[in-house]
Amino acid sequence: MSEPAPTLEDFSAARRRLGDRVLETPVWHWSGREIRAATAPGTEVHLKLELFQRAGTFKPRGALMNMLALDPDALAAGVTAVSAGNHALAVGYAASVLGTSAKVVMFEGADPARVRGCRDYGAEVVLASDVHAAFDEVRRIERDEGRTFVHPFEGRNTVLGTGTLGLELSRQVAGLEAVVVAIGGGGLCAGVATTVKLALPECRVYGVEPEGADTMHRSFASGKPEAIERVDTIADSLAAPHAAPYTFSLCRRYVDELVKVSDPMMIDALRLLFRDAKLAVEPAGAAAVAALVGPLRERLAGRRVGIVVCGTNIDPARYAGYLSGSGPSDS
């Protein structure tokens, strides 16, 4: 790891710097009939409701920390990003509150609600045919327009931002014994795992990946950041094609265990959150719940558990399809 791991004071300073540009999202004790039936006896579930964050996900925490680190000239020149949607939304939001411009590259199949959201924040959206074309285009924008590239999940500033979520959670739930958090590229999990372990060393941290995007599993197995040839999951927010050195190193140090969940498991969890908690989330936002009631059910029996509900940006028609039974859990 080329940069030092952050300390609790570093995360506290980051939270002060973010100020009211991000919300301290609430925690809710989920004790409905269905979640009690779906979890092992005695499990106490606390949802960290990051779906209520600015731009609908945790992403503004990292985007803002990266952009706040720019010098005035670089910030004035604007920023660029490549994303399936949530990071692009966050960069658009961050640019709007910091008084600069954003030009983001998204994929032609990106969720329409996310594309509209980016434009609503004033970002210019460029659509690319595939991931390779998207990265080629963002590099061209960086080179030709002098914009700064804001990475979606790698680097110390990203981790300082995402770690503020874990800092809040560790203070909001007394006696927290386990935290479950989704993994895409690893930026969220690295920040949350680091802060939780520094604040609560005995608390277990579990990372959750989709079966079709298991880069962190492969990286843990080999001991170095790995890539996958093909991403195959409905949770496009977790569809990172590779792990990266800094966030991988922190996940390796502070995450106790990784588990995988299938697309049908995430859809079932999405429906459970809607029925029993009255929350509307995207598939990635349901990944930690899918692990809670699936592969981690017995290991979390009797524990006080924090679940990060990381996002809610999804097209209404697509969401309605998952709820109505046309999603993959019925195929």
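In the predicted model, Val 45 has Val 305 of strand S10 as its bridge partner. This pair belongs to the ladder between strand S2 (residues 44-49) and strand S10 (residues 304-309), two strands that run parallel and are joined by 6 bridges. Both strands are part of an open sheet of 6 strands, arranged in the order S1-S2-S10-S7-S8-S9 and with mixed pairing. The edges of this sheet are formed by strand S1 (27-30) and strand S9 (257-261), each of which pairs on one side only. On average, and with direction ignored, neighbouring strands of the sheet are turned by 25 degrees against each other.

Two helices were found to lie across strands of this sheet. Helix H8 (residues 156-172) lies across S1, S2, strand S7 (178-182) and S10, and its direction makes an angle of about 140 degrees with S2. Helix H10 (residues 215-222), in turn, lies across strand S8 (204-210) and S9, running at about 145 degrees to S9.

A second open sheet comprises 4 strands in the order S5-S4-S3-S6, and here the pairing is parallel. Strand S5 (124-128) and strand S6 (148-149) stand at the edges with a single partner strand each, so that one side of each remains without a neighbour in the sheet. The pairing of strand S3 (residues 79-82) with S6 is in the parallel sense and extends over 2 bridges; within this pairing, Val 79 stands opposite Thr 148 of S6. Helix H6 (residues 112-120) packs on the sheet, where it touches S4 and S5, and its direction makes about 175 degrees with that of S4. Helix H5 (residues 86-98) lies across S3 and strand S4 (102-107), running at about 170 degrees to S4.

Packing between helices is illustrated by helix H12 (residues 263-277) and helix H14 (residues 316-324), whose axes come within 9 Å and cross at roughly 95 degrees. Because angles of 65 to 115 degrees count as roughly perpendicular, H12 is described as roughly perpendicular to H14. On the side of H12, the contact is made by Ile 267, Leu 270, Arg 271 and Phe 274, while Tyr 319, Tyr 322 and Leu 323 contribute from H14. Classified by residue type, the contact of H12 with H14 contains 6 nonpolar residues, no polar residues and 1 charged residue.

Terms used. Residues numbered from 1 in each chain as written. Predicted model: local features only at pLDDT ≥ 70, side-chain atom pairs only at ≥ 80, totals over all residues. Heavy atoms only, no water. Pairing = 2+ DSSP bridges. Axes fitted to C-alpha atoms, helices over the stretch in contact; angles between N-to-C directions. Contact = heavy atoms within 4.5 Å. Parallel < 35°, antiparallel > 145°, perpendicular 65-115°, else oblique. Nonpolar A, V, L, I, M, F, W, Y, C, P; charged D, E, K, R; others polar.
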